[in-house]
Amino acid sequence: MHQTLLLLPGDGIGPEVVAEARRVAETLAPDLKIEEGLVGGASIDAYGDPLTDETLAHARHADAVLLGAVGGPKWLNAPRDKRPEAGLLAIRKGLDVFANLRPAFCFPALVDASSLKREVVEGLDLMIVRELTGGVYFGQPRGIDELGGLRRGYDTAIYTHPEIERVARVAFEIARGRSGKVCSVEKSNVMESGLFWRQEVTLAHAELGAGVELSHMYADACAMELVRAPKQFDVILADNLFGDILSDAAAMLTGSIGMLPSASLGAPGTPGLYEPVHGSAPDIAGKGIANPCAAILSLEMALRWSLGREKVADMLFAAVGKALDRGARTKDLGGSLTTREMADAIIAAL
Ligand code: NAD
Ligand code: IPM
Ligand code: MN
């Protein structure tokens, strides 16, 4: 039976970068059955809903899902559940992909593309494991309302024992395949959910963390350390919100947010969701200049983590490095290649 890859290009530069990932997939894995669907603003425009039940069912039946990006000014004033971002959260929740792996790898050719000094980022290779289906993103109650004549807005940061244990387990497993170090971050100095996070990760480590060295850091200090001395980290374990923020910071260590892929994994045997860390980049959408590397490297992660094609994934990772070594650069990396030309350079390196 053929494996299925569902593409959900989304909005803005999403379709531009996913089209290039598709060409790479067709070159590298011609037997893959590639299907397409709508998510985000594109789905709102077609069906009035950022993620339809049909698209979610489609995703559940695929072996892997590659999503471009969602969002844009067109849908900014719609009610929250009718905004593109709601579709993204709904597919993450619907697939129960609770462990979001966001690697930050500085390709040798890009050490000077980062805004930080060469010696700070040269050889950087870290992995952020972000909890993706809980925390303040989903906690109840939340709202904007009025109490005692006072308008207010609020969210609830909440984590349960199983939610923390299962993502900590993934971080420990990943660390075992790397240098064996996990740094868990939270704000246990001010937040109850942060204190609970630290306690639960410590317990999980005693039970499931054999061979793994665990340390803890406050999330604000981690942001500072990521910029000061990022190579001290191997695996960073973070909740949904801190993981979101820290991964954007980590992106800039690698030269551009256009370089960062991600993999979101659930229970074994269920489809993984793969997406660039970047958004729909409305400022450059339609110009054909977006960097397709994050989308192509997200395909690489899909080949590795969901489709069982590690050798092909290795080849693709090497080809991206080789294209960069040969000087291929989009505008965000200081070059002038178009999205298509950048993908051409990677395909040529294959
Ligand atoms: P963004 O990542 O879209 O853009 C930030 C900056 O990075 C922009 O200047 C953009 O041009 C640049 N950039 C991003 N990706 C690039 C690429 N591949 N190549 C070159 N330059 C790139 O973040 P934003 O501006 O904060 O958000 C825009 C929209 O995207 C919002 O609606 C937001 O909610 C959404 N968003 C979606 C996702 C997602 O779908 N996974 C992620 C982040 C933001
Ligand atoms: C990301 C994005 C999303 C998030 C938004 C668009 C919902 O910033 O994937 O990093 O906050 O998770
Ligand atoms: Mn983000």
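**Group meeting: two ligands, two domains**

Okay, let's start at ligand 1: one of its nitrogen atoms sits 3.1 Å from a side-chain N or O atom of Glu275, which I'm calling a polar contact, meaning a pair of N or O atoms within 3.5 Å (within protein, one must be able to donate a hydrogen and the other to accept it, and residues adjacent in sequence count only if both atoms are side-chain atoms). On its own, ligand 1 exposes 810 Å², and the protein buries 68% of that; those accessible areas are Shrake-Rupley with a 1.4 Å probe, and for residues only the protein chains shown count as cover.

Quick housekeeping. This is a predicted model, so to speak of local features we need pLDDT of at least 70, and side-chain atom pairs count only at pLDDT 80 or more, while totals for chains, interfaces and linings use all residues. Residues are numbered from 1 along each chain as its sequence is written, chains are lettered from A and ligands numbered from 1 in the order written, and side-chain values use heavy atoms, with hydrogens and water left out.

Back to ligand 1. It has 21 residues around it, where "around" means a heavy atom within 4 Å. The closest are Val70, Glu85, Gly279, Ala281 and Asp283. Glu85 puts a polar side-chain atom 2.5 Å from a ligand 1 oxygen, and Ala281 brings a backbone N or O atom to 2.8 Å from an oxygen of the ligand.

Now, what surrounds ligand 2? Glu85 again, plus Leu88, Arg92, Arg102, Arg130, Tyr137 and Asp244. Look at the arginines: an oxygen of ligand 2 is 2.6 Å from a side-chain N or O atom of Arg92, a polar side-chain atom of Arg102 lies 3.0 Å from a ligand 2 oxygen, and for Arg130 the side-chain distance is 2.8 Å, again to an oxygen. Alone, ligand 2 exposes 320 Å², of which the protein buries 77%.

Zooming out, the assignment gives domain 1 (1–101 + 260–350) and domain 2 (115–254); those bounds come from an automatic or database domain assignment. Their C-alpha centres are 24 Å apart, and the contact (heavy atoms within 4.5 Å) takes 14 residues from domain 1 and 18 from domain 2.

Last bit: the largest nonpolar core has 68 residues, and Leu101, Phe172, Val182, Leu237, Leu316 and Val320 touch the most other members. Both domains give residues to this core, so it lies between them. By core I mean buried Ala, Val, Leu, Ile, Met, Phe, Trp, Tyr and Cys joined through side-chain atoms within 4.5 Å, with buried being under 20% relative accessible area (1.4 Å probe, protein chains only).

Methods. Buried means under 20% relative accessible area, exposed over 50%, partly exposed in between (1.4 Å probe, protein chains only).
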